[in-house]
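Please find below some notes on the strand pairing, written to be read alongside the model.

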Amino acid sequence: MITKIRMFILAAVLCFPFVSKAQFTPTASTTLTVNLTALSGIVLNAAGLNPTLNYSTSSDYANGVTLSQTAALSAFSTSPYSITVYASGQLVNTTNSSNTIPVGDVTITPSLAAANPAITITPQAIPVSAGSALKLIASTAGTILQNFNLAYSTVGAPTTDFINKLAGSYTTTITYAITNP
């Protein structure tokens with residue numbers, strides 16, 4: 001019988017939690033931690049995808065053309081940043097690669113979609129460079145979502161670069177990049 005009582009007492013001790021000897025106080029404190037990760041990125045919005053400069057009138061050939069895209073590029077960064085642009089090469093005819101147009105005949109002009117005093121925009125049209133990144137935008141502070149307008153233009157380019165060429169599409173890849181200092 002005593003063995004049964006001992007087993008019952010042992011079972012009761014194991015089944016019931018021990019009472020903590022900690023002292024209750026009117027306040028309690030803990031340390032909260034927030035971990036931040038450096039992030040930055042850009043995206044070409046729907047308005048900024050596949051810009052096309054159409055030459056369809058004699059005025060286009062004489063004066064060049066401009067395409068303005070509103071909120072074409074968006075940037076996010078947790079720290080100051082720069083955005084650059086470059087092309088993969090000359091504008092090449094899609095059906096006959098021996099016909100090209102100098103990519104530098106195309107300029108890009110960024111502008112702010114919404115005012116931001118931390119951002120400096122290149123004040124003039126930048127000729128697109130093949131393989132050499134050129135700075136378009138600089139920000140002295142991070143931004144959550146900053147939209148930029150982009151204008152592509154051939155105004156001022158030599159008209160001779162666009163005549164005596166095969167009719168058709170001439171393409172190159174334009175790359176935008178964000179970097180943090």
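The points below cover an open sheet and then the pairings of one further strand.

1. Please keep in mind that this is a predicted model. The strand assignments discussed here should be read in that light.

2. Four strands make up an open sheet in the order 7-9-3-12, and their pairing is antiparallel. At the edges lie strand 7 (119–121) and strand 12 (174–179), each of which pairs on one side only. On average, neighbouring strands of this sheet are turned by 20 degrees against each other, direction ignored.

3. Within that order, strand 9 and strand 3 stand next to each other. Five bridges link strand 3 (residues 81–87) to strand 9 (residues 134–139), in the antiparallel sense. To find this pairing in the viewer, start from Val85, which stands opposite Leu134 in strand 9.

4. Is strand 10 mostly covered or mostly open? Strand 10 spans residues 143–153 and is mostly covered, with eight of its eleven residues buried. For reading such a count, buried means under 20% relative accessible area.

5. Strand 10 has an antiparallel pairing with strand 2 (residues 66–77), made over eight bridges. Leu67 has Tyr152 of strand 10 as its bridge partner.

6. Strand 6 (residues 107–112) also pairs with strand 10 in the antiparallel sense, over six bridges. Here Ile108 stands opposite Tyr152. Tyr152 is therefore a useful residue to select when checking both pairings: it is the bridge partner of Leu67 and stands opposite Ile108.

Methods
Residues numbered from 1 in each chain as written. Predicted model: local features only at pLDDT ≥ 70, side-chain atom pairs only at ≥ 80, totals over all residues. Heavy atoms only, no water. Pairing = 2+ DSSP bridges. Helix = DSSP H or I, 4+ residues; strand = E, 2+ residues; numbered from the N terminus. Axes fitted to C-alpha atoms, helices over the stretch in contact; angles between N-to-C directions. Buried < 20%, exposed > 50% of the residue type's maximum accessible area, 1.4 Å probe, protein only.
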